[in-house]
Amino acid sequence: MDLQIFIDLQDKFDQETSLYEGINNAIKEMDRTCRLASAKLTKAHSLPQEQAKDVTESIKPQFVTIKQYIGELSQLIKPETFYRYHDRWTNVLQTACALVAFSIYLAESRLATPADVEEYLGFKVNTENADITVFVITLEEYLHGIISLFNELSRLAVNSVIVNDVKRPQHISAFASELYSGFQLLNLKNDSLRRRFDSIKYDIKRIEEVQYDLRVRNLI
């Protein structure tokens, strides 16, 4: 009996184990960095609008680190195996896209584009759902990140009133409504995206309630 076949199989098992360890390490470090960035961004909820840009500046080092670990992933993953391992890192990339979206909104009061995500994270968003030839951020990850923005906006509307910025919820409401209208144009086939989209209406309602309360009190 030729035992070489078992030796070759063990070599493949060892390579797979090494690959998993590399992927898991990059994901672990990305997740840790995203949580740090998120904690820093949370400070924006307790500050007036004019100080929000200072908060976004403070997390730029975290975006550099996140970009670095996405780069490590890209070196580990071959295009033909991208979707084989994709489920392992998609959640943390959704979080990273959400951080970009909230940072852009805080700094510039606008929607983060796929080009912004590429600038911050170092890799293109696969907006055309093209065949994978290089490591990409998927369109679904980008959209999940944008959907997460609604929750941050609803919190920001409430917290703006707490810091006596009663005009800001009006701008938030207009932006959120326009963004919601944009999502309504999409025919979402991804089950996870569809479920999250359905939850947006609760964030919109919360923002509208802040607007209503301000009007009742003749504050706007």
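In this predicted model, helix H3 passes helix H4 in a left-handed crossing. The two helices, of which H3 spans residues 60–76, pack at an angle of about 150 degrees with their axes 12 Å apart. Aromatic pairs form a second theme, since a search of the whole structure finds eleven of them, and the points below take up the helix contact, several of the ring pairs and one loop residue.

**Packing of H3 against H4**

- Because angles over 145 degrees count as roughly antiparallel, the angle of about 150 degrees places H3 and H4 in a roughly antiparallel arrangement.
- On the H3 side the contact is made by Phe63, Ile66, Ile70 and Leu73, which meet Trp89, Leu93, Ala96, Leu99, Val100 and Ser103 on the H4 side.
- By residue class, the contact of H3 with H4 consists of nine nonpolar residues and one polar residue, with no charged residue taking part.

**Aromatic pairs**

- Of the eleven aromatic pairs found in the whole structure, one joins Tyr20 and Tyr85, whose ring centres lie 5.7 Å apart and whose planes stand at 80 degrees, so that this pair is edge-to-face.
- This pair links distant parts of the chain, given that Tyr20 belongs to helix H1 (residues 4–41) and Tyr85 to helix H4 (residues 82–108), with their positions 65 residues apart in the sequence.
- The two partners differ in their exposure, for Tyr20 is partly exposed at 27% relative accessibility, whereas Tyr85 is buried with a relative accessible area of 3%.
- Tyr180 and Phe197 form a stacked pair, because their ring centres are 5.6 Å apart and their planes lie at 20 degrees.
- Since Tyr180 lies in helix H7 (residues 168–184) and Phe197 in helix H8 (residues 191–216), the stacked pair ties together parts that are 17 residues apart in sequence.
- Phe197 itself is buried, its relative accessible area being 15%.
- Ring pairs also link Phe82, Tyr83, Trp89, Phe123 and Phe135 into a cluster, and Trp89 of this cluster is one of the H4 residues that meet H3.

**The loop between H7 and H8**

- Leu185 is placed in the loop between H7 and H8, the two helices that carry Tyr180 and Phe197 respectively.
- With a relative accessibility of 76%, Leu185 counts as exposed, in contrast to Phe197, which is buried.
- The C-alpha atom of Leu185 is separated by 20 Å from that of Ile172, a residue 13 positions away along the chain.

Conventions: Residues numbered from 1 in each chain as written. Predicted model: local features only at pLDDT ≥ 70, side-chain atom pairs only at ≥ 80, totals over all residues. Heavy atoms only, no water. Phe/Tyr/Trp six-rings, centres within 6.5 Å; stacked < 30°, edge-to-face > 60°. Helix = DSSP H or I, 4+ residues; strand = E, 2+ residues; numbered from the N terminus. Buried < 20%, exposed > 50% of the residue type's maximum accessible area, 1.4 Å probe, protein only. Axes fitted to C-alpha atoms, helices over the stretch in contact; angles between N-to-C directions. Parallel < 35°, antiparallel > 145°, perpendicular 65-115°, else oblique. Left-handed = near helix turned anticlockwise from the far one by under 90°. Contact = heavy atoms within 4.5 Å. Nonpolar A, V, L, I, M, F, W, Y, C, P; charged D, E, K, R; others polar.
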